[in-house]
Amino acid sequence: MVLPDRDAAEEVAEALTERFGVSEEPQLVRDALAGEDDAEDAQWLVVVEDPDATHDPALLDGLAAEYEGWREAD
């Protein structure tokens, strides 16, 4: 999932554990935009491994949208 800032990413990671029962803690990764060094221009990724597709993509999309983000597959 791609989120606009670290706070949103941390909240989504917590919600994934609470709402979806994700067993492994989601990984948070800072994704600086190309050519930008300023922290204000960084997006945050919440990486969730779901190789068996046990989580409903529509529900994950909804969670990301609650925090002004979106879900990307792969």
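## A loop residue to start with

Ala53 sits in the loop between S3 and H2. In this predicted model, the phi angle of Ala53 is near 50°, a positive value in a residue that is not glycine. Most residues other than glycine have a negative phi. With a relative accessible area of 59%, Ala53 is exposed.

The loop between S3 and H2 also holds His55. Is His55 buried or exposed? At 17% relative accessibility, His55 counts as buried, because the cut-off for buried is under 20%. Setting aside neighbours within four places in sequence, His55 is in contact with Phe20, Val22, Asp50 and Leu60. Of these partners, Phe20 will come up again where H1 meets H2, as will Leu60.

## The overall layout

Stepping back from the loop, the protein chain contains two helices and three strands. Read from the N terminus, the order of elements is β-α-β-β-α. The chain has 74 residues, and 27% of them are buried.

Some totals help to fill in the picture. The protein chain exposes about 5100 Å², with carbon and sulfur atoms supplying 43% of that area. Taking contacts between residues at least 6 apart in sequence, 53% join residues at least 24 apart.

## How the two helices meet

Two packed helices are described by the angle between their axes and the distance between the axes. Here, helix H1 covers residues 6-20 and helix H2 covers residues 57-66. Their axes come within 11 Å and cross at roughly 145°, and the crossing is right-handed.

Which residues make the contact? On the H1 side they are Val12, Ala15, Leu16, Arg19 and Phe20; on the H2 side they are Leu59, Leu60, Leu63 and Glu66. Sorted by class, the contact has seven nonpolar residues, two charged residues and no polar ones. Arg19 and Glu66 count as charged, and this pair returns in the next section as a salt bridge.

## Salt bridges

How many salt bridges does the structure hold? There are three. One of them joins the side chains of Arg19 and Glu66, at 3.0 Å from N to O. Arg19 belongs to helix H1 and Glu66 to helix H2, so this salt bridge ties together parts that are 47 residues apart in sequence. Arg19 is partly exposed at 49% relative accessible area, and Glu66 is partly exposed at 49% as well. Both values fall under the 50% cut-off, so neither residue counts as exposed.

Another salt bridge brings together the side chains of Arg6 and Glu10, with an N to O distance of 2.8 Å. Both residues lie in helix H1, four residues apart, which is about one turn of the helix. Arg6 is partly exposed at 42%, and Glu10 is partly exposed at 34%. Arg71 also forms a salt bridge, with Asp61, and the closest N and O atoms are 2.8 Å apart. This pair links distant parts of the chain, 10 residues apart: Arg71 is in the segment after H2, while Asp61 is in helix H2. Arg71 has a relative accessibility of 31% and counts as partly exposed, and Asp61 is partly exposed at 34%.

## A strand residue and its partners

Leu45 takes us to strand S3, which spans residues 42-47. Which residues does Leu45 touch, leaving aside its neighbours within four places in sequence? They are Met1, Val2, Gln27, Leu28, Val29 and Asp31. The relative accessibility of Leu45 is 23%, and Leu45 counts as partly exposed; the cut-off for buried is under 20%, so Leu45 is not classed with the buried residues.

Leu45 can also be placed relative to helix H1 through Glu10, one of the residues of that helix. The C-alpha atoms of Leu45 and Glu10 are separated by 9.8 Å, and the two residues are 35 apart along the chain.

## Past the second helix

Glu68 is found in the segment after H2, where Arg71 also lies. Although Glu68 is not a glycine, its phi is positive, at about 60°. Glu68 is exposed, with a relative accessible area of 66%. Ala53, back in the loop between S3 and H2, likewise has a positive phi and is exposed.

Definitions and conventions: Residues numbered from 1 in each chain as written. Predicted model: local features only at pLDDT ≥ 70, side-chain atom pairs only at ≥ 80, totals over all residues. Heavy atoms only, no water. Buried < 20%, exposed > 50% of the residue type's maximum accessible area, 1.4 Å probe, protein only. Contact = heavy atoms within 4.5 Å. Areas by Shrake-Rupley, 256 points an atom, 1.4 Å probe, with all protein chains shown as cover. Axes fitted to C-alpha atoms, helices over the stretch in contact; angles between N-to-C directions. Left-handed = near helix turned anticlockwise from the far one by under 90°. Salt bridge = Lys/Arg side-chain N within 4 Å of Asp/Glu carboxyl O.
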